[in-house]
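Hi,

Here is the structure I promised to pass on. Have a look at it first, and then read on for what turned up.

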Amino acid sequence: MSKSQSSEPGFGNWDLGFGIFFMPIRCEIVTQERIVYADDVDMVVAPGRDGVLGILPHHAPLLTTLQFGELLVRKDGQEQSFAIGGGVLEVRPDKVTVLADAAEMADEIDLARAGEARQRAEELLAQGLPPGSDRFAEIENALKRSTLRLKVGQKKRRSGAPPPMDMGH
């Protein structure tokens with residue numbers, strides 16, 4: 001197998017012989033407010049409804065819902081982490097589109113604010129609201145969201161990862 005058109009580490013563009021090239025897949029992570037991420041990547045790992053999904057270029061078409069969780073994007077041997085608060089994932093052979101209810105890049109997460117939000121949610125739940133109430137569900141979601149944000153943000157800080165990649169916006 002010989003590498004072609006790319007001298008970067010990672011998958012890049014690989015000549016698999018017979019004129020077949022392994023190309024990156026386009027990944028777009030979008031919320032109602034903004035485009036969180038858009039770039040060509042080697043792999044996407046997403047928190048699907050039925051478990052974690054690993055998506056490579058030329059993946060079979062797929063449409064699924066996302067649960068609260070960490071979404072990883074791998075490009076040239078580097079990982080970029082995102083806290084995803086539910087949404088929809090559409091996969092086509094050349095593109096992954098994430099329409100997220102909420103999404104934050106690990107570098108954007110304010111750990112102090114996330115910690116305060118988790119503490120507030122825990123205190124409100126401790127007051128004994130009825131589990132079937134709308135208010136209970138809102139507080140429970142706030143707790144999930146803040147816990148996820150803390151996990152993703154702290155993992156990024158502990159890893160000593162390099163500065164964020166240029167997202168082109």
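Let me start with a small puzzle: what is the relative accessible area of E108, and is that residue buried, partly exposed or exposed? The relative accessible area of E108 is 34%, and because buried means under 20% and exposed over 50%, with partly exposed in between, E108 counts as partly exposed. One thing to keep in mind while you look around is that this is a predicted model.

Why begin with E108? Its side chain meets that of R34 in a salt bridge, at 2.7 Å from N to O. The two come from distant parts of the chain, 74 residues apart: R34 sits in the loop between β4 (25-30) and β5 (35-41), while E108 sits in the loop between β11 (103-105) and α1 (111-126). R34 is partly exposed as well, with 35% relative accessibility.

Now for the overall picture. The protein has 11 strands and two helices. Going along the sequence, the pattern is β-β-β-β-β-β-β-β-β-β-β-α-α, with the strands ahead of the helices. Of the 169 residues, 38% are buried. If you take the contacts with a separation of 6 or more, 52% of them are between residues 24 or more positions apart. The accessible surface comes to about 9,600 Å², and carbon and sulfur atoms hold 54% of that.

Back to the charged pairs. The count of salt bridges is 10, and a couple of others deserve a look next to R34 and E108.

- D39 and K75: their side chains meet in a salt bridge at 2.9 Å, N to O. This pair also links distant parts of the chain, with D39 in strand β5 and K75 in strand β8 (residues 62-75), 36 residues apart. Both D39 and K75 are buried.
- R49 and D50: the closest N and O atoms of this salt bridge are 3.0 Å apart. R49 is exposed, at 54% relative accessible area, and D50 is exposed too, at 67%.

There is also a network: R26, E28, D40 and K95 are joined into one by salt bridges that share partners.

For something without charges, find L63, V88 and L99, which make a nonpolar surface patch of about 280 Å². L63 belongs to strand β8, the strand that also holds K75. Is L63 buried or exposed? L63 counts as exposed because its relative accessibility is 63%, whereas the cut-off for exposed is over 50%.

Last stop, the helices. Which residues line the largest pocket? The lining is made up of R113, A114, A117, R120, A121, L124, I139, A142, R145, S146 and R149. The space in this pocket is about 230 Å³. Both α1 and α2 (134-159) supply at least two residues of the lining, and the largest share, six residues, comes from α1.

If you only have a minute, I'd pull up the salt bridge between R34 and E108, then the buried pair D39 and K75, and finish at the pocket lined by residues from α1 and α2.

Cheers

Key:
Residues are numbered from 1 along each chain as its sequence is written. This is a predicted model: local features need pLDDT of at least 70, side-chain atom pairs count only at pLDDT 80 or more; totals for chains, interfaces and linings use all residues. Side-chain values use heavy atoms; hydrogens and water are left out. Helices (H or I, at least four residues) and strands (E, at least two) are DSSP runs, numbered from the N terminus. Buried means under 20% relative accessible area, exposed over 50%, partly exposed in between (1.4 Å probe, protein chains only). Contact means heavy atoms within 4.5 Å. Accessible areas come from the Shrake-Rupley method with a 1.4 Å probe; for residues, only the protein chains shown count as cover. A salt bridge is a side-chain nitrogen of Lys or Arg within 4 Å of a carboxyl oxygen of Asp or Glu. Patches are made of residues with over 30% relative accessible area and no salt bridge: like charges are joined within 9 Å, nonpolar side chains (Val, Leu, Ile, Met, Phe, Trp, Tyr) within 5 Å. On a 1 Å grid over the protein atoms alone, a cavity is a set of points where a 1.4 Å probe fits but cannot get out, and a pocket is an open set with protein on both sides within 12 Å along at least five of seven lines; lining residues have an atom within 4 Å of a point. Grid points are joined across faces, edges and corners, and a volume is the space filled by probe spheres set on the points.
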